[in-house]
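Trainee: Could we go through this structure together? I would like to see how each label follows from its value.

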Amino acid sequence: MMEEKYPFHAIEPKWQKYWDDTGTFRCDAEDDSKPKFYCLTMFPYPSGHMHVGHGRNYIMGDVITRYKKMTGHNVLSPMGWDSFGLPAENAAKKFNVHPHKWTIENIAEMKRQVRSWGVGYDWEREIATCHPDYYKWTQWVFLQAYKLGVAYQKEAPVNWCPLCTNLANEEVTADGHCDRCGRVVEKKNLNQWFFRITQYADRLLKDLDLLEGWPDKVRQMQANWIGKSQGAKVTFKVTETGDECAVYTTRPDTIFGVTFMAITPDHPLVKKLVAGTEKEAEIKAFAEKLANIPAAERFSDATVKEGVFTGFHVTNPYNGDSDIELWVTNYVVADSGTGIVMAVPTHDQRDWDFATKYNIGKKIVIQNPEGSLDLATMTAAYVEDGILVNSGAFDGMKNREAIKAITKAGEEAGYAAFTTNFRIRDWNVARQRYWGAPIPIVHCPHCGAVPVPEDQLPVRLPDDVDFSNTDQGNPLARHEGFVNTTCPKCGAAAKRETDTLAQWLCSCWYFLRYIDARNDKEAFNKALVDKWMPVDQYIGGVEHAVLHLLYSRFVVKILNDAGALDCVEPFQSLFTQGMICKRCEKDDGKYVKGKLYKMSKSVGNVVSPDELIATYGADTVRLYTLFIGPPELDAEWQDAAVQGPYRFLCRLWKKAYEAKAIVPEADVAVDAAALNPAERDLFRKLHQTLAGVTDSIEHGFRFNTAIAQLMELMNVLDKAKIDATSSDAAKALLRETLVTIARMMAPITPHIAEELWQQFGCAPAGVMNAGWPTVNAEALKEESLQIILQVNGKMRGKMSVPAGLSKDDLEAAARASDEVKRFTEGQTIVKVIVVPGKLVNVVAK
């Protein structure tokens, strides 16, 4: 019995239970009877509660999953939890609760919310990165990198946040703050574990060409982050000591203009040279001053350039100039090139400013085409192309041509080499935290660093840790039961590595584990992974472009080199959704009332899905979320606007309720010849809409466009006015229209679609089992067309003609029209141009 009022409270839990009971989203990974489709949304961090902004990508992924199932694919759509990381550990310290308990409770709450949206996943494949049966294999991934020489340990300056401990370069904002807690990031020397991503930089850059299904923006962001450049490595020498002083430069054409050398204060050469000299204390104080200034700020053009002369000089190997002063400066950092920069004031504005401030000499080596450059009149560096001067044998050459020639000459002489440089630095994968996967390394006084044998994995986190003293660092380092062990190689007493793996590593291979989630013998079965990879459609935020997405590509290449899988790229197509924003309702000095912000607890503009679902239903929330705007763009959430989609669903339900009493009980072929004009318009619009919705979902994630087309179809359905007095053909059309709407809306608003499918007695059970409807090509044919009438290229009117009219007949109809007669009166028609189905242009003089 169909209720008159839209009963979302009853039908939504009913169909969610049906999907669970029937295993609607359960995937048989070994089924080869259908083409595979792996649809994946980036798994969430279990922070506690989701807001409607979080739901956007999960709902979009669900639309694609359901659509692909209806188009005959074997769809894998899993879900899990990126559950290691600092927030849980901070919560443990703040609320005196174990990170595991806090995390598991949050997972339960967020899983409830995901299910309440009606999002369907194969929950039998659910994973959480904090579970030992998952992080056992994260440790295995580390060991594969270790075997390949990709994982290594060294002392290095790291980005240190007082709260979040050390950070990867990608976790530091452009202005030098922690992207998690906002504190200022310092530099600190620690013994750390790194992955040699620099060893893979060229492959990561080259293979971007394989990612045709990725947004150009994301590919460009990764290319910029990798930062490949071609240049020369040139070895200068300290004049007084003979120590080598190597620089990397992309401008060897200016090398004859070097008048000073800039070096970062923490460079080992500086410490060696100034030790015991009168400059030591001054340079040490300068280095300490710069230690907490972010690299981006030091690089900024707005930063005042400062330095200290070391008292030493370097010799230019190209011209023998031995009086080039060596300066410690604030605008060179260790992570850039070699940490030493050759300074050419006349052709680099930063060097010009520094040389002017400290009265260092300047020398023109590139003359402008007019030959007018003169140090006496120059007020800024000349940075354009020109002709080399004061450059020995290279005088008269175009500077771009001289780059190669000068490098080649230096290479032949043994003090220069063609060099490829990358901006990217090796990935620091170690964290001084408890809540992460323990690094599977044992430190033995006899054997050094020894990897834990694979058959002894996982190295488990101890549960009995003390979070009471937040000032004593990593609780693991204080846990004697964890730290003290025996060497796997010689059996002597040894110490476990107490750093844990960065959360990013845990999330850089999870898509492989989903494929074989319950395998307790190996991380995954190679044959299954080779079958299902790459992921066909990945959905997530663009903010992960140079973090998760780049690291995942890197880890897949490591595992490919290890022979664990065949694919070289993890994600075939990528869609990056825009953020849901909402206007701020407070004005507290930090946030401006009425201004749009990304939904955030700190802004106070979060909208919970729970209340909306209770008031309007999950389908309404889904419909509004998808209709709010183009999904790749940010969109403004407006609470009042939710009622529009709700009214649409109520209208659809009412139409179905009224129709059920008059339509046939089973599908009947529509006799188009028996339809009146308004009904024929509906028949045509139905299949136009089907074609449009199919294209909108299949190409470009244009969900808002698909919904708009469905709303237009409802308007045409109303205009047809099919009721109990209408013909049998019209009633059959009414049934076909409503049933087809249900099938088209099944990926978008699945609960109401399932219920309508059932209420109309359709088979098979479950609307997704019916497959995606097929467009009737005959129905698309227009009976009449509107043809534009032009006279001498200007539109003068329109005429309605039967579809399929010949060119001759179109010309005759145009000549006979009142519009053409009126605008050609007193003239001679010399030519008629006919574009069938579109326009007729009459040329008259």
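Mentor: Gladly; we will take one helix pair and then the whole chain, keeping in mind that this is a predicted model.

Trainee: Why is α22 called roughly antiparallel to α23?

Mentor: Helix α22 (residues 703-720) and helix α23 (residues 728-745) pack at an angle of about 165°, with their axes 12 Å apart. Angles over 145 degrees count as roughly antiparallel, so that label applies to α22 and α23. Their crossing is left-handed.

Trainee: Which residues make the contact between α22 and α23?

Mentor: From α22 come L710, L713, M714 and L717, while α23 supplies L734, T737, L738, I741, M744 and M745.

Trainee: How do the residues of that contact divide into nonpolar, polar and charged?

Mentor: There are 9 nonpolar, 1 polar and no charged residues in the contact of α22 with α23. Leu, Ile and Met count as nonpolar, and T737 of α23 is part of the contact too. Thr is not among the residue types listed as nonpolar or charged, so it counts as polar.

Trainee: Now the whole chain. What share of the residues is buried?

Mentor: Buried residues make up 53% of the 845 residues in the protein chain; the cut-off for buried is under 20% relative accessible area.

Trainee: What share of the contacts with a separation of 6 or more comes from residues 24 or more positions apart?

Mentor: Such pairs account for 71% of those contacts in the protein chain.

Trainee: And how many helices and strands does the chain have?

Mentor: The protein chain has 27 helices and 32 strands, and its C-alpha trace spans about 105 × 85 × 55 Å along the principal axes.

Note on methods:
Residues are numbered from 1 along each chain as its sequence is written. This is a predicted model: local features need pLDDT of at least 70, side-chain atom pairs count only at pLDDT 80 or more; totals for chains, interfaces and linings use all residues. Side-chain values use heavy atoms; hydrogens and water are left out. Axes are lines fitted to C-alpha atoms, for helices over the stretch in contact, and angles run from 0 to 180 degrees between N-to-C directions. Helices (H or I, at least four residues) and strands (E, at least two) are DSSP runs, numbered from the N terminus. Angles under 35 degrees count as roughly parallel, over 145 as roughly antiparallel, 65 to 115 as roughly perpendicular and the rest as oblique. A crossing is left-handed if the near helix is turned anticlockwise from the far one by less than a right angle, and right-handed if clockwise. Contact means heavy atoms within 4.5 Å. Buried means under 20% relative accessible area, exposed over 50%, partly exposed in between (1.4 Å probe, protein chains only).
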